Amino acid sequence: MQLVLFVIFGLLAVVAALNLLLQRHPINSALSLVVVMMSLAVLYWSLGAEFLAAAQVIVYSGAIMVLFVFTIMLLNAGEEEPTTGSRAASIVGFPGAAAIFCLLSFVFLSERKALGATTLGGELNTAGSNLAAISSLLFTKLLLPFEVTSVLILVAILGAVVLARKEQ
Amino acid sequence: MTGLANATVPVSLYLILAAVLFTIGIAAFLVKRNIISIFMSIELMLNAVNLTFVAFSHMWHQVSGQIFVFFVMVVAAAEAAVGLAIIIAIFRTRQTLNVDQINLMKS
């Protein structure tokens, strides 16, 4: 079951990410990104992170991507014209990205014995559900960072309003 | 069929999937000329890193990785709001979304 879920949704995520890369119109890229995020939500669930799967659907593919789609429609963004692009990007960037991928894959594959295998569902050391473990840690030990994020979001809202306001 | 149903997945496969998504995000960041598409490729890279956090959280049987992903999501939401507001401001002043033409600080 775990393997089936991983193969189906992992392939779906990779194909949608490639579609994001290859599409010229930003709205097609945005919808591909929604598919990637939904597949990742299923993978989170299969790794025993039910709360994060729900938060991924609500926050990422719900709120953030709707904001993206609204901005694309508001600015009436059309197809991007193919340009030669920066030469530094093609000379240094793509070999660099490939090198990062090769390095990461090498490390992960050489350490695969130590990393172990996953089984379906949560396997937390603490008793109780995943949500109870997250909330008890978040509201006791990490209360100050949690409150600071609310201030951060407030500042972000004010900044967004100020930046997007029409100049008088 | 029962063998397939009970099959486990190595953690390294999840990490390699995250590496693939991260690399596609880097490539999209370099190839795209539209500023909104560039912003979306940054979101893709953030998601790839979140997948590694969740995989390691599963591996160590600890909830800390999931809390880290929660904070990453909060910061990404704030970042998306401010970033898209900046994009709207850029479009209002320069009437373009092409990053090749947004070169005010270049000259």
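Which residue of chain A stands opposite B:Val9 in strand E1 of chain B? Please keep that question in mind while I say, first of all, that what we are looking at is a predicted model.

The residue is A:Thr118, which stands opposite B:Val9, and the strand E1 of chain A, residues 117-118, pairs with E1 of chain B in the antiparallel sense over 2 bridges.

Let me move from that pairing to the contact between the chains in general, where 62 residues of chain B are in contact with 73 residues of chain A. On the chain B side, helix H1 (2-5), strand E1 (9-10), helix H2 (11-31), helix H3 (35-60) and helix H4 (64-94) each supply at least two of the residues that touch chain A, and H4 of chain B gives the most, with 20 residues. If we sort this side of chain B by class, we find 47 nonpolar, 12 polar and 3 charged residues.

B:Val9 comes back when we turn to A:Phe6, a residue placed in helix H1 of chain A, residues 2-22. Leaving aside neighbours within four places in sequence, A:Phe6 is in contact with A:Leu43 and A:Ser46 from chain A, and with B:Val9 and B:Leu13 from chain B. Is A:Phe6 buried or exposed? A:Phe6 counts as buried, because there are 23 C-beta neighbours inside 10 Å, and the cut-off for that word is 20 or more.

Now to the interior, and here a general remark may help: in soluble globular proteins, nonpolar side chains tend to be buried together. In this model the largest nonpolar core has 72 residues, and those with the most contacts inside it are A:Tyr44 and B:Leu44. Several helices of both chains each supply at least two residues of this core, including H1, H2 (26-46) and H3 (50-75) of chain A as well as H2, H3 and H4 of chain B, while H2 of chain B gives the most, with 14 residues. Domain 1 (1-80) and domain 2 (129-168) of chain A both give residues to this core, so the core lies between them. The C-alpha centres of these two domains of chain A lie 23 Å apart.

I would like to finish with B:Leu44, which, not counting residues up to four places away in sequence, touches A:Ala17, A:Leu20, A:Leu33 and A:Val36 in chain A, and also B:Leu21, B:Ile24, B:Gly25 and B:Ala28 in chain B.

Technical notes: Residues are numbered from 1 along each chain as its sequence is written. Chains are lettered from A and ligands numbered from 1 in the order in which they are written. This is a predicted model: local features need pLDDT of at least 70, side-chain atom pairs count only at pLDDT 80 or more; totals for chains, interfaces and linings use all residues. Two residues are in contact if their C-beta atoms, placed from the backbone, lie within 7 Å. Helices (H or I, at least four residues) and strands (E, at least two) are DSSP runs, numbered from the N terminus. Ala, Val, Leu, Ile, Met, Phe, Trp, Tyr, Cys and Pro count as nonpolar, Asp, Glu, Lys and Arg as charged, and the others, Gly among them, as polar. Two strands pair if DSSP finds at least two bridges between them. Domain bounds come from an automatic or database domain assignment. A residue is buried if 20 or more other C-beta atoms lie within 10 Å of its own, exposed if 12 or fewer, and partly exposed in between; C-beta atoms are placed from the backbone. A nonpolar core is a set of buried Ala, Val, Leu, Ile, Met, Phe, Trp, Tyr and Cys residues joined through C-beta atoms within 7 Å.
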